[in-house]
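Thank you for making time this morning. I would like to walk you through one structure, starting from a single residue and working outwards, so please bring it up on the screen.

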Amino acid sequence: MNHEHLVLCYKLSSAMITTMNNQLREYHLTFQQLLILLYLEEQTEEVAGKDICQYFGISHPTSVGLIARMTKASFIVVEVSKTDRRERILHLANKGREVIEQSRHVIEHLVQHLSDEEQQNFINLLFQLDSISKIEKER
């Protein structure tokens, strides 16, 4: 892979984030916040702030700021853990569930021009690249 491919990856990533943020603006939500809401929706176990840091690869201060803004917007509810008072447990609030449903079309817009097979190939490639990046981080 030469540097042009890397630049293309960077441009596509930036354009996708910008596009998503622009489309989500009407819901007073950022792409990163939507991803956190979707993560909370999928989880069957309790989710703590540290889980957000680990899953998304973000720093603790970044997660604290995101959680604070999402709590203020009533997308999530935060409670003190019953087992560790230092830990905060995150729950999806009704408004968070509503905004997920309202914004599903924004997510679908990302891949609407790809066939089902192309979407699956793209997803598989993303998982492969993610696995490779995890291996590289461990070196």
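Let me begin with histidine 28, which counts as exposed because its relative accessibility is 68%, where exposed means over 50% relative accessible area, buried means under 20%, and partly exposed lies in between, using a 1.4 Å probe and protein chains only. Before I go further, please keep in mind that this is a predicted model, in which local features need pLDDT of at least 70 and side-chain atom pairs count only at pLDDT 80 or more, while totals for chains, interfaces and linings use all residues. Residues are numbered from 1 along each chain as its sequence is written, and side-chain values use heavy atoms, with hydrogens and water left out.

Histidine 28 sits in the loop between α1 (3–24) and α2, where helices (H or I, at least four residues) and strands (E, at least two) are DSSP runs numbered from the N terminus. Its backbone deserves a look too, since histidine 28 has a positive phi of about 55° although it is not a glycine. Most residues other than glycine have a negative phi. Serine 74 also has a positive phi, near 65°, and is likewise not a glycine; this serine 74 is placed in the loop between α4 (60–72) and β2, and with a relative accessible area of 37% it is partly exposed.

Let me now step back to the whole chain. The protein chain has 6 helices and 3 strands, and along the sequence they follow the pattern α-α-β-α-α-β-β-α-α. Of its 139 residues, 26% count as buried, and the C-alpha atoms fill a box of roughly 50 × 40 × 25 Å, taken along the principal axes.

How are the 3 strands ordered in the sheet? They form an open sheet in the order β1-β3-β2, with antiparallel pairing, where two strands pair if DSSP finds at least two bridges between them. The edge strands are β1 (47–48) and β2, each of which pairs on one side only. Between β2 and β3, which run antiparallel, there are 5 bridges, and isoleucine 76 stands opposite leucine 92 in β3. Helix α2 (residues 31–42) packs on this sheet and touches β1, β2 and β3, its direction making about 90° with that of β3; axes here are lines fitted to C-alpha atoms, for helices over the stretch in contact, and angles run from 0 to 180 degrees between N-to-C directions.

Helix α2 also packs with α4, at an angle of about 80° and with the axes 11 Å apart. The two helices are therefore roughly perpendicular to each other, a label that covers angles of 65 to 115 degrees, whereas under 35 counts as roughly parallel, over 145 as roughly antiparallel, and the rest as oblique. In that packing, Gln32, Gln33, Ile36 and Leu37 in α2 meet Leu66, Arg69 and Met70 in α4, with contact meaning heavy atoms within 4.5 Å.

Finally, consider serine 81, in the loop between β2 (76–80) and β3 (88–92). Is serine 81 buried or exposed? At 5% relative accessibility, serine 81 counts as buried. Its side chain reaches the backbone nitrogen of aspartate 84 at 3.2 Å, and, leaving aside neighbours within four places in sequence, serine 81 is in contact with Glu87 and Ile89.

Key. Polar contact = N/O pair within 3.5 Å; in protein donor to acceptor, adjacent residues only side chain to side chain.
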